[in-house]
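Trainee: I would like a close look at one part of this model. Could you take me through how the helices pack, and then what lies around them?

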Amino acid sequence: MVSSPGRTCVACRAIRPKAELVRVHLVPGAGLGIDLGGGPGRGAYVCPAHPCLEQAVKRGELGRSLGVALQPIAVEELEGLIRERVSRKVASLLGLARRARKVVSGAEAVESAVKRHAARLVLTAADASASSVEKLRMLAVEAGVACYSSFGKEELGAAVGGAHRAYVAVTDPGFAEALISLLTKIPKKIEAGSGAQGETIDALGRAEPRRAWR
Ligand SMILES: [Zn+2]
C-alpha cells in the first residue's frame with residue numbers, strides 16, 4: 001500500500017495512515033464537514049469505527065482538536081455526515097469508472113468478471129437477494145476480490161448510470177483501490193460480530209489483510 005504519514009485518532013489515540021482515518025474539519029458557516037481531499041485548515045482525524053466516533057463526539061475530542069466549542073452532535077449525525085460525503089465521492093468515482101468502461105453490472109456480467117479475474121472490486125446492493133449476494137461473495141473471496149455491500153440498488157444504479165443495480169464490478173485496479181479506500185471510511189455498524197458488512201479482502205488478492213486494526 002501507499003505509505004502516508006500517520007495521524008492520531010482523537011479518540012483512541014492510535015496512529016494510523018491518513019488514508020485509514022476520517023478527517024473532520026470545520027466548514028465556515030456550516031459546522032462540521034468531512035474532508036476527503038486533505039484540504040487546508042485545521043482538521044481532526046478519527047477512526048471510522050463507532051466506538052471512536054462516539055467517544056470523539058461525547059467527550060468533546062473533536063471540538064478540542066479543532067480548537068472550537070462545538071454544538072453537541074449525536075454520533076449518528078456524524079456517521080450520517082461521513083456516509084453521505086463518502087457516498088457522493090464513491091458515486092462520482094463509479095461514474096468516472098463507468099465512462100472509462102471499467103465497470104460491469106448485473107449478476108451474470110459481475111460473476112463472469114470475477115471468474116475471469118477481471119474484477120478488482122465487487123459491490124453488491126444491501127437490498128439484493130441474500131442468497132445471490134452470498135454466492136457472489138463466496139466467488140469473490142475465492143478470487144481474492146474485495147466485496148462491499150454499502151449501498152442500495154438505487155444508489156448503485158444511479159452511480160453507474162441506469163436503473164437499479166444489484167451487482168457492480170470495477171475492473172480497473174486504480175479505480176478499485178481508490179474506491180476501497182473510500183469504502184473503508186464508511187462507519188461500521190455496531191452489532192457484535194458484524195464482520196460480513198464491508199469485510200475487506202485485499203483488492204489485488206494479496207493474502208495480508210489490508211486494514212490491520214490494532
Ligand atoms: Zn480511534
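Mentor: Here is a walk through the helix pairs, then the core, then two loop residues. Keep in mind that this is a predicted model.

Start with the parts list. The chain holds seven helices and nine strands. It has 214 residues, and 36% of them are buried.

Take helix α3 as your anchor. This helix covers residues 75-99. Two of its partners are worth a look.

One partner is α1, residues 50-58. The axes of α1 and α3 are 9 Å apart, and the packing angle is about 120°. An angle of 65 to 115 degrees would count as roughly perpendicular, and one over 145 as roughly antiparallel. The α1 and α3 angle falls in neither range, so α1 is oblique to α3. Their crossing is right-handed. Which residues make the contact? On α1 they are Leu53, Glu54 and Val57, and on α3 they are Val75, Leu78 and Glu79.

The other partner is α7, residues 173-183. Here the axes are 10 Å apart, and the angle is about 170°. That angle makes α3 roughly antiparallel to α7. From α3, the contact uses Val86, Lys89, Val90, Leu93 and Ala97. From α7, it uses Phe175, Ala178, Leu179, Leu182 and Leu183. Remember Leu179, which comes back in the core.

Now move to another pair, α4 and α5. Helix α4 spans residues 107-115, and α5 spans 130-143. They pack at about 20°, with axes 9 Å apart. Angles under 35 degrees count as roughly parallel, so α4 is roughly parallel to α5. The crossing is left-handed. Ala107, Val110, Glu111, Val114 and Lys115 contribute from α4. Ser132, Leu136, Leu139, Ala140 and Ala143 contribute from α5.

Next, the core. The largest nonpolar core has 58 residues. Val46, Val110, Leu121, Val122, Ala169 and Leu179 have the most contacts inside it. Where does this core lie? Domain 1 (6-73) and domain 2 (88-183) both supply residues, so the core lies between them. Two of those names are already familiar. Val110 is also part of the contact between α4 and α5, and Leu179 is part of the contact between α3 and α7.

Now step off the helices. Ala125 sits in the loop between β7 (121-124) and α5. Is Ala125 buried or exposed? Count its C-beta neighbours inside 10 Å: there are 22, so Ala125 is buried. The cut-off for buried is 20 or more. Look at what surrounds this residue. Beyond its neighbours within four places in sequence, Ala125 is in contact with Phe151, Gly152, Lys153, Leu156, Arg165 and Ala166. Ser149 is 24 residues away along the chain, yet its C-alpha atom is 5.6 Å from that of Ala125.

Compare a second loop residue. Leu70 lies between α2 (61-66) and α3. Leu70 has 15 C-beta neighbours inside 10 Å, so it counts as partly exposed. With neighbours within four places set aside, Leu70 is in contact with Leu62 and Gly63. The C-alpha atoms of Leu70 and Leu32 are separated by 8.6 Å, with their positions 38 residues apart along the chain.

Finish with the whole chain. Take contacts between residues at least 6 apart in sequence: 67% of them join residues at least 24 apart.

Key. Residues numbered from 1 in each chain as written. Predicted model: local features only at pLDDT ≥ 70, side-chain atom pairs only at ≥ 80, totals over all residues. Core = buried A, V, L, I, M, F, W, Y, C linked by C-beta atoms within 7 Å. Buried ≥ 20, exposed ≤ 12 C-beta atoms within 10 Å, placed from the backbone. Domains from an automatic or database assignment. Axes fitted to C-alpha atoms, helices over the stretch in contact; angles between N-to-C directions. Helix = DSSP H or I, 4+ residues; strand = E, 2+ residues; numbered from the N terminus. Left-handed = near helix turned anticlockwise from the far one by under 90°. Contact = placed C-beta atoms within 7 Å.
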